[in-house]
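Please keep the structure open while you read this note. The points below are short and can be checked one by one.

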Amino acid sequence: MDSIEILLNLFSLANVSAVIFGVTIGLLIGMLPGLTANLGVALLLPITYGFEPAAALLLLVSVYTAAIYGGSFPAILINAPGTSASAATAIDGYILTKEGKFNTAIRVSTFASVFGGIVSGFALLFIAPPLSLISLKFGPAQYFMLAVFGLTIIGTLSSGNFVKGLIAGSIGLFLSTIGSDLDSGYPRFVFGFTGLVSGINFVPAVIGLFSLSQALVLSEDPLKTIQLNKVKTDTWQFLPKLIETQKIVITCFISSIIGVLVGILPGAGGDIASWVSYNEAKRFSKNKSEFGKGSLKGIAASEAANNAVTGSSLIPLLTLGIPGSTTAAILLGALLIHGLVPGRELFTTNGHITYSVIWGFIFANLFMGFVGLYVAKYFGKIAKIPNYFLVPAIVILSVVGSYAIGNNIQDVYTMIIFGLFGYLMRKLNYPPAPLILGLILGPIAETGFRQSQILATDGVLLYILNNNISLILFLLTIISIFSAIYLELTKKINHEKSIS
Amino acid sequence: MSRIKSNIAISLLLVSISLALYFFAKDFPGSSKNFPIVILLIIFVLSLGQIIVSIYRFKNLNQKNFNIPTTPLIVFGLSFLSVILMEYIGFLGAFAIFFISLLYLFRVENKKSYIFGAIILFLFIFIVFEFGLKVSLLKMGF
């Protein structure tokens with residue numbers, strides 16, 4: 001790929017505007033406790049329909065990384081992490097704020113987040129292309145095993161509700177079977193509704209499950225406004241001090257590597273990475289007692305790791321079509337909407353788009369740092385948006401967004417129904433993310449299985465496992481399940497330790 | 001209702017639905033029935049497992065109260081009604097009513113800033129979708 005072509009493509013007006021808009025919106029979303037990166041990406045997905053693929057993806061990945069970083073602001077300022085990935089940041093960050101060192105904490109958090117994000121961007125740049133070569137060797141059996149491997153993410157996306165996660169994932173798989181059968185054309189589970197013949201549209205389902213349901217959650221306490229105490233802060237300084245940078249740079253590097261590795265594992269997200277990194281930073285620190293008392297290394301470890309996850313979770317998505325996180329699952333929808341199929345083609349035929357997005361992701365992380373430090377001064381005002389205003393704003397954006405998919409009112413009804421479904425799932429402790437994964441992976445699994453049935457001569461299972469890639473995927477499935485359990489346990493233990 | 005009771009109720013509902021859909025799917029022609037049948041059986045088994053786990057916990061755990069607050073359900077109802085209304089009076093009219101309804105439902109005291117915010121939001125959405133994305137909001141729903 002011609003690097004000049006990539007640069008020209010990256011710095012086109014549309015792409016730069018997409019990064020600026022994405023970073024700004026992402027920061028805003030991350031800063032508001034209760035609003036998540038998933039919600040941001042789901043809500044902005046319909047806005048990208050009219051965009052060029054590169055600009056659309058740049059907007060969404062910018063929202064993703066900036067929302068994760070934005071979550072550190074309320075964690076540091078009011079001890080209320082904007083996203084679950086910033087929970088470990090709150091431990092030391094809030095203590096610094098109480099000591100009047102809010103500015104120092106934000107500077108460190110910004111430096112670490114940008115560092116982690118850039119490391120993960122380079123990991124994406126160097127690991128993804130060679131890994132995508134494997135996808136060329138995929139046939140029906142491998143695709144079926146890949147879908148099964150993808151479904152093991154369900155366990156890790158279920159945060160302690162393994163069986164409920166599996167049920168939600170199975171419901172997603174079932175919903176993917178609604179509509180015309182691809183082989184026979186027979187309308188399955190349509191019950192006379194012509195609107196269901198073409199199946200359930202993925203995008204309105206995502207908007208309903210993540211955005212509308214969140215609006216319903218926020219409406220439980222409509223008058224809630226984050227009240228900020230007036231914070232005494234040290235003299236405002238835009239750039240990090242050299243002494244601070246020297247203190248945290250090694251922690252940032254190690255935590256970024258941990259974040260990248262955790263991010264590649266399907267389902268293991270920023271929250272796990274930040275707790276694991278926090279624990280490792282403490283374990284290898286010469287001054288362990290400073291952790292929990294306003295340690296700069298504590299903030300750096302958590303923030304570098306959670307932002308390092310953002311890029312690396314895209315590696316299994318872009319190479320094999322397996323989303324490494326809930327946000328990556330929504331991004332998979334974005335790829336498909338823009339006619340981009342994960343795999344080798346993304347790095348060859350569509351390389352000009354993919355490499356522009358990866359370089360743009362690195363640029364977005366740099367830009368995020370500048371914007372973050374600038375808006376930190378004014379953060380108090382931004383965080384005062386009350387729920388009674390957020391609720392109608394999210395509802396209206398969800399309605400308009402789902403209508404924009406195809407100027408079709410049917411999509412709005414799909415979104416509304418999934419919104420209620422998502423809300424009830426949350427109330428009943430059924431995680432909504434596995435349902436989306438089931439909806440995405442269902443057709444891949446079914447097509448792979450049925451084609452394998454046709455090709456198999458000595459039994460379908462034997463056919464599926466009778467090749468190296470399927471066997472490796474089978475082993476990865478087993479490892480994925482056990483590593484998820486291990487990481488979840490580590491997170492819990494570290495969390496309990498930090499509380500005590 | 002306690003959370004455990006609600007778990008049992010939901011699982012029973014899932015067991016019944018998966019069973020009913022299983023018998024429905026059995027009549028699908030050829031191989032089109034295989035995958036849905038396998039998935040429905042998985043849902044059936046998992047829900048049954050959930051019932052057993054819940055009954056076991058019912059005996060051993062303190063039960064937390066579980067209830068779904070009414071406000072989110074009213075907000076959902078209003079959203080649904082607004083979408084229906086949209087087909088008759090258009091997007092702007094339907095969601096103006098939606099905003100005003102929420103103003104009273106949430107008992108917002110600072111009405112001026114609420115209305116000002118609503119106008120700004122409408123303008124933002126209108127500009128982005130109408131001019132940026134060529135989605136005609138004025139014709140939306142008709």
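Does A:Asn429 count as buried, exposed or partly exposed?

1. **One residue to start with.** This is a predicted model. A:Asn429 has 17 C-beta neighbours inside 10 Å. A buried residue needs 20 or more, and an exposed one has 12 or fewer. The count of 17 lies in between, so A:Asn429 counts as partly exposed.

2. **Where that residue sits.** Look for A:Asn429 in the loop between α20 and α21 of chain A. Leave out residues up to four places away in sequence, and A:Asn429 touches A:Asn161 and A:Lys164. For a sense of distance, take A:Ser72, which is 357 residues from A:Asn429 along the chain. The C-alpha atoms of these two residues are separated by 26 Å.

3. **Chain A as a whole.** Chain A has 23 helices and 2 strands. It has 500 residues, and 62% of them count as buried. Now take the contacts in chain A between residues at least 6 apart in sequence. Of these, 79% join residues at least 24 apart.

4. **A helix to check by ruler.** Helix α17 of chain A covers residues 351-376, which makes 26 residues. How far should it span? At 1.5 Å a residue, the expected span is 38 Å. The C-alpha atoms at its ends are 36 Å apart, so the model agrees with the expectation. α17(A) is also mostly covered, with 19 of its 26 residues buried.

5. **Chain B.** Chain B has 4 helices and 0 strands. Along the sequence, its pattern reads α-α-α-α. Of its 142 residues, 30% count as buried. Among contacts in chain B between residues at least 6 apart in sequence, 61% join residues at least 24 apart.

6. **Where the chains meet.** On chain A, 48 residues are in contact with 48 residues of chain B. Which elements of chain A give two or more residues to this side? They are α10 (162-175), α19 (387-404), α20 (409-427) and α21 (433-455). α19(A) gives the most, with 12 residues. By class, the side of chain A that touches chain B has 33 nonpolar, 8 polar and 7 charged residues.

7. **Back to the loop.** Two of the elements just listed, α20 and α21 of chain A, are the helices on either side of the loop that holds A:Asn429. Find that loop again, then look at α19(A), which gives 12 residues to the side touching chain B.

Technical notes: Residues numbered from 1 in each chain as written. Chains lettered and ligands numbered in written order. Predicted model: local features only at pLDDT ≥ 70, side-chain atom pairs only at ≥ 80, totals over all residues. Contact = placed C-beta atoms within 7 Å. Nonpolar A, V, L, I, M, F, W, Y, C, P; charged D, E, K, R; others polar. Expected span 1.5 Å × (residues − 1).
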